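Q: Please take a close look at one part of this model for me. I work at the bench, so keep it brisk.

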Amino acid sequence: MILPIYGYGEPVLRKVSEEITKDYPNLKETIADMFETMYQAYGLGLAAPQVGMPIRLFVIDTEPLADSDEVSKEEAEELKTFKQAFINAKIVKEEGDVWGFNEGCLSIPDVREDVFRHETITIEYYDEDFNKKTEVFSGLRARVIQHEYDHIEGILFTDHLSMLKKKIIGKKLMNIMEGKTKPDYRMKFVNKKGR
């Protein structure tokens, strides 16, 4: 089932999400719905708060990044097959160089900016079968994970921008809050009249 994606300004996007147990109702269906919603919106990742659920869950599929001319053959192979649900994730280490990459977000349509993040992360999480894992990711996989992880911490990519950049995109953010944007996917807006 395709779910509406909550737009910038919706309070759920600013909540620190709650951990869940393996008994969480309809967990497998929720994960499937999130993947379906993400694909329908042409996203690389989607966090539960973006569909109105303040729980520590996000899904990622980096296959579209594998076609980029800017990635090595080795990284392209990793990106091609990286599809994963992350439950109760905790980043335990960030290391390596901090590098910039142009990011966007399904909750903030038509806004893209360079965001600087660490090259490598170590993350603990449960997979969708509730197996506990600790893994190290680098490059674009680490970046997508960090972006989605921010969502379950109540952080948006715009929070990483300078005050000047925030001022420049301020009108676009206000338009999103008021529903004055036309993405190719279903959204829910905080201040849209008659919603």
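Among contacts in the chain between residues at least 6 apart in sequence, what share joins residues at least 24 apart? Then go to the packing of helix α2 and helix α3, and to the salt bridges.

A: The share is 68%, counted among contacts between residues at least 6 apart in sequence. Bear in mind that this is a predicted model.

Some background on the chain comes before the helix pair. The chain holds 4 helices and 7 strands. Read from the N terminus, the elements follow the order β-α-β-β-α-β-β-β-α-α-β. The radius of gyration is 16 Å, close to the 16 Å that the globule rule gives for 195 residues, so the chain is as compact as a globular protein of that length. Along the principal axes, the C-alpha atoms fill a box of roughly 45 × 40 × 30 Å. Of the 195 residues, 50% count as buried.

Now the helix pair. Two packed helices are described by the angle between their axes and by the distance between those axes. Helix α2 spans residues 73–80, and helix α3 spans residues 139–152. Their packing angle is about 40°, and their axes lie 8 Å apart. Angles under 35 degrees count as roughly parallel, and 65 to 115 as roughly perpendicular. The two helices are therefore oblique to each other.

Which residues meet? On the α2 side they are Glu75, Glu78 and Leu79. On the α3 side they are Gly139, Leu140 and Arg141. By class, this contact has 2 nonpolar, 1 polar and 3 charged residues.

Two of these residues pair up. The side chains of Arg141 and Glu78 form a salt bridge, at 3.6 Å from N to O. Arg141 sits in helix α3 and Glu78 in helix α2, so the pair ties together parts that are 63 residues apart in sequence. The partners differ in burial. Arg141 has a relative accessible area of 14%, so Arg141 is buried. Glu78 has 35%, so Glu78 is partly exposed. The cut-off for buried is under 20%.

Helix α2 also has a salt bridge of its own. Glu77 pairs with Lys80, and their closest N and O atoms are 3.3 Å apart. Glu77 and Lys80 are 3 residues apart in helix α2, so about one helical turn separates them. Glu77 counts as partly exposed, at 45% relative accessibility. Lys80 also counts as partly exposed, at 41%.

Beyond the pair, the whole structure has 13 salt bridges. One of them joins Glu128 and Lys28, with the closest N and O atoms 4.0 Å apart. Glu128 lies in the loop between β5 (108–126) and β6 (132–138), and Lys28 lies in helix α1 (residues 27–40), so this pair ties together parts that are 100 residues apart in sequence. Glu128 is partly exposed, at 30% relative accessibility. Lys28 is partly exposed too, at 41%. There is also a network of salt bridges, linking Glu103, Arg117, Arg143 and Asp150.

To recap the part you asked about: α2 and α3 pack at about 40°. Their contact includes Arg141 and Glu78, and these two side chains meet in a salt bridge.

Definitions and conventions
Residues are numbered from 1 along each chain as its sequence is written. This is a predicted model: local features need pLDDT of at least 70, side-chain atom pairs count only at pLDDT 80 or more; totals for chains, interfaces and linings use all residues. Side-chain values use heavy atoms; hydrogens and water are left out. Axes are lines fitted to C-alpha atoms, for helices over the stretch in contact, and angles run from 0 to 180 degrees between N-to-C directions. Angles under 35 degrees count as roughly parallel, over 145 as roughly antiparallel, 65 to 115 as roughly perpendicular and the rest as oblique. Contact means heavy atoms within 4.5 Å. Ala, Val, Leu, Ile, Met, Phe, Trp, Tyr, Cys and Pro count as nonpolar, Asp, Glu, Lys and Arg as charged, and the others, Gly among them, as polar. Buried means under 20% relative accessible area, exposed over 50%, partly exposed in between (1.4 Å probe, protein chains only). The radius of gyration is taken over C-alpha atoms; the globule rule is 2.2 Å times the number of residues to the power 0.38.
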